[in-house]
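Reader: I would like to understand how the labels attached to a structure are earned. Could we take them one at a time, setting each value against its cut-off?

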Amino acid sequence: MSVSKPPPPHSHFTPPHPPPSSSAPSSSNPSAPSSHLTLPAPSSPSLAVRSPSAPPPPSPVKISMQEHFAINVCPGPIMPIPQISDFFPRFHDYPCTPPPPREKKILKEENFNGLGDLGGEREREGSHGERGEAGDSDDEDTYLGTLEFNLHFDQDNNCLHCTIHKAKGLKAMDSNGLADPYVKLHLLPGASKANKLRTKTLKNTLNPVWNETLIYHGITAADMTTKTLRLCVCDMDRLGRNEFIGEVRVALKKLKEGENKRYNMGLERITQNKEVTNLAVDQGAPVVEEERGRILVSLCYSTEKNALLVGIVRCAHLAAMDSNGYSDPFVKIVLQPDMGKKSKYKTTVKKKTLNPEFNEEFAYEVPHDQLAKKTLEISVWDYDLGMSNDFIGGVELGINAKGEKLRHWFECLKHAGKKVEYWHTLTQQGAPVAE
C-alpha cells in the first residue's frame with residue numbers, strides 16, 4: 001500500500017517566459033509594450049494550455065506505510081532513568097544538611113617501643129590523606145551518634161551497676177532511614193557470652209531512651225584495675241545479621257569506689273587489633289590459672305541447729321561448655337572427710353545460662369570443734385542429657401586453703417551465727433577424671 005502526495009497548488013502567476021529569440025518574428029506594432037505577466041492558468045486541467053518549452057509537473061512522491069507512521073513523531077527530551085536512591089533517601093550522602101564534623105580523639109594503647117609521638121604524627125598525616133581520597137566512604141569520619149550512661153561500683157556487694165540512659169543522633173541503618181537499636185556490654189579482656197549483657201531493643205528510632213540498669217556480679221577491686229567496659233550500639237535485623245553501629249570503651253580503673261559517674265561519649269569504630277596488646281603475656285611471667293568463672297558462697301555456723309549452713313547464691317562468667325555458647329550449670333557440694341549421703345548435696349539445673357542464680361542453702365550437722373578438720377569441696381558442672389556431665393570448675397574451702405578461701409573459712413569459724421559471703425574463683429585444679 002502506498003500513499004501519493006497531492007501536487008502542489010497552482011500559483012495565480014506563472015513565471016515569465018524566456019525572452020524570444022532573434023529569429024522569432026517581431027510584432028507588427030513596435031510601439032506596444034511587452035508585458036511579463038501572463039494570465040493565470042484555467043482551473044480545469046483540461047483547459048490548461050501547456051507551453052511546449054515548460055518543464056513537466058513533478059510526479060507524486062510515494063512512501064511506505066512504515067515511513068508514513070514515522071512522520072512527525074518526536075520522542076522529546078531524553079529523561080534520566082529513576083534510580084533506587086530516589087526512593088530511599090538513606091542512600092544519598094546526606095538527605096539533609098550534614099552535621100558539623102567533630103574532632104576525633106584517637107585512642108591509643110601504650111606504645112612500649114617509645115615511638116608514641118612519632119607514630120602519632122604519622123597517623124595524623126595518614127588520616128588527613130585518607131580523608132581527601134575517600135571522602136564519601138563509610139569509615140571513621142562518619143557521624144555515628146552519642147551514648148549517655150552511668151557507672152557505679154559497689155565494692156561491698158562486688159557489683160558494677162551500668163545504667164544506660166539514651167543515645168542521640170544514631171546512624172540510620174534501615175531502608176526507612178531509622179534503626180532498631182540496642183546496647184550490648186562486654187568486659188575486656190575476655191569478651192564472651194559469659195560477661196555479655198544487653199538492653200532491650202527499641203524500634204524505629206535514632207534517639208532511643210532506655211533508662212535500663214544492667215548489673216555485673218562478682219566484680220572485685222582487682223578487676224576494676226585491669227578490666228575495660230565496652231559498650232556497643234547495634235541495630236537488630238530480624239531477617240539478617242544484626243548490624244554494628246558504634247562503640248565506646250571505659251577503663252574501670254578511672255572509676256573511684258562508691259562514685260556514680262555519668263558519661264556522654266561519641267560512638268566510634270575501634271579496630272580489634274588493640275585487644276592483642278592487652279592479652280599479650282610475657283614469656284618470663286608465671287602462668288596464671290585459667291579462670292572458669294566465679295561463685296558466690298555464704299557460710300554460717302548455726303549454734304541453734306549445731307550445723308554448718310552452706311548457701312550457693314549465684315555464679316558469674318562461667319565457661320561455655322555447649323555448642324550453643326552456653327551451659328546448663330548446677331553445683332555439687334561435698335564435705336570431706338566423706339560422711340556418707342549426708343555429706344553430698346546438689347542444686348537444681350539452670351538451663352542455657354552462664355550467670356545462674358540459685359539462692360539455695362544446705363545444712364551439715366557437724367559439731368563446731370570438728371570444722372577445723374573438715375574441707376568443703378564445691379564444684380560446678382554442666383548438665384548433659386544422656387551423656388556424662390562436664391566439669392566447669394571448682395573451689396575448696398578449709399584450713400589447708402590459701403588467700404580468700406582460707407579467710408572465708410576462718411571468719412565462719414570465728415563468728416558463729418554470722419553469715420559470711422565471699423566470691424571465689426573457679427579453676428580446673430582438682431578436676432575429677434569422671435563424675
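Reader: How do you know that the sulfur of C232 is too far from the closest cysteine sulfur for a bond?
Author: This is a predicted model, and in it the cysteine sulfur closest to that of C232 belongs to C234, at 5.6 Å. A disulfide requires two cysteine sulfur atoms within 2.5 Å, so the value of 5.6 Å for C232 and C234 fails the test. The sulfur of C412 fails too, because its closest cysteine sulfur, in C300, is 6.8 Å away. A search of the whole structure accordingly gives zero disulfides.

Reader: Why does that distance matter for a disulfide?
Author: A disulfide is a covalent bond between the sulfur atoms of two cysteines, so the distance between sulfur atoms is what has to be tested.

Reader: What makes C232 and C412 count as buried or exposed?
Author: The label buried is given under 20% relative accessible area. C232 has 2% and C412 has 1%, so both are called buried.

Reader: Why is the contact between R262 and E148 called a salt bridge?
Author: The distance between the side chains, taken from N to O, is 2.5 Å, and the cut-off for a nitrogen of Lys or Arg and a carboxyl oxygen of Asp or Glu is 4 Å. The value lies within that limit, so the pair R262 and E148 qualifies as a salt bridge. R262 belongs to strand β10 (residues 260-266) and E148 to strand β3 (residues 146-154), so this salt bridge ties together parts that lie 114 residues apart in sequence. In total, the structure holds six salt bridges.

Reader: What accessibility label does each partner, R262 and E148, receive, and why?
Author: R262 has 48% relative accessibility, and because partly exposed covers the range between 20% and 50%, that is its label. E148, at 12%, falls under 20% and therefore counts as buried.

Reader: How do you know that R230, E247 and R249 are linked in a network of salt bridges?
Author: Two salt bridges share E247: R230 and E247 meet at 3.1 Å, N to O, and E247 and R249 meet at 2.7 Å, N to O. Each value is within 4 Å, so each pair passes, and the three residues form a network. As for accessibility, R230 is at 12% and E247 is at 0%, so both are buried under the 20% limit, and R249 is buried as well.

Reader: Why is the aromatic pair of F149 and Y263 called stacked?
Author: The ring centres of F149 and Y263 are 5.1 Å apart, with 10° between the planes. Pairing needs centres within 6.5 Å and stacking needs planes under 30 degrees apart, so both conditions are met. The pair links distant parts of the chain, with F149 in strand β3 and Y263 in strand β10, 114 residues apart. Y263 counts as buried because its relative accessibility is 11%, under the 20% limit. Leaving aside neighbours within four places in sequence, Y263 is in contact with residues including L147, E148, F149 and V250.

Reader: What makes the pair of Y345 and Y364 edge-to-face?
Author: The centres of Y345 and Y364 are 5.1 Å apart and the angle between the planes is 75°; over 60 degrees is called edge-to-face, so the label follows from the angle. Y345 lies in strand β14 (residues 344-346) and Y364 in strand β15 (residues 357-365), 19 residues apart. At 28%, Y345 is partly exposed, whereas Y364, at 1%, is buried. Together with F362, these two tyrosines form one aromatic cluster. The structure holds four aromatic pairs.

Reader: How do you know that the charged end of R198 sits over the ring of Y182?
Author: The charged end of R198 is 3.8 Å from the centre of the Y182 ring, which is within the 6 Å limit for this label. The label also has an angle limit of 35 degrees from the ring normal, and R198 is placed over the ring.

How values were computed:
Residues are numbered from 1 along each chain as its sequence is written. This is a predicted model: local features need pLDDT of at least 70, side-chain atom pairs count only at pLDDT 80 or more; totals for chains, interfaces and linings use all residues. Side-chain values use heavy atoms; hydrogens and water are left out. Helices (H or I, at least four residues) and strands (E, at least two) are DSSP runs, numbered from the N terminus. Buried means under 20% relative accessible area, exposed over 50%, partly exposed in between (1.4 Å probe, protein chains only). Rings of Phe, Tyr and Trp (its six-membered ring) pair if their centres lie within 6.5 Å; planes under 30 degrees apart count as stacked, over 60 as edge-to-face and the rest as tilted. Contact means heavy atoms within 4.5 Å.
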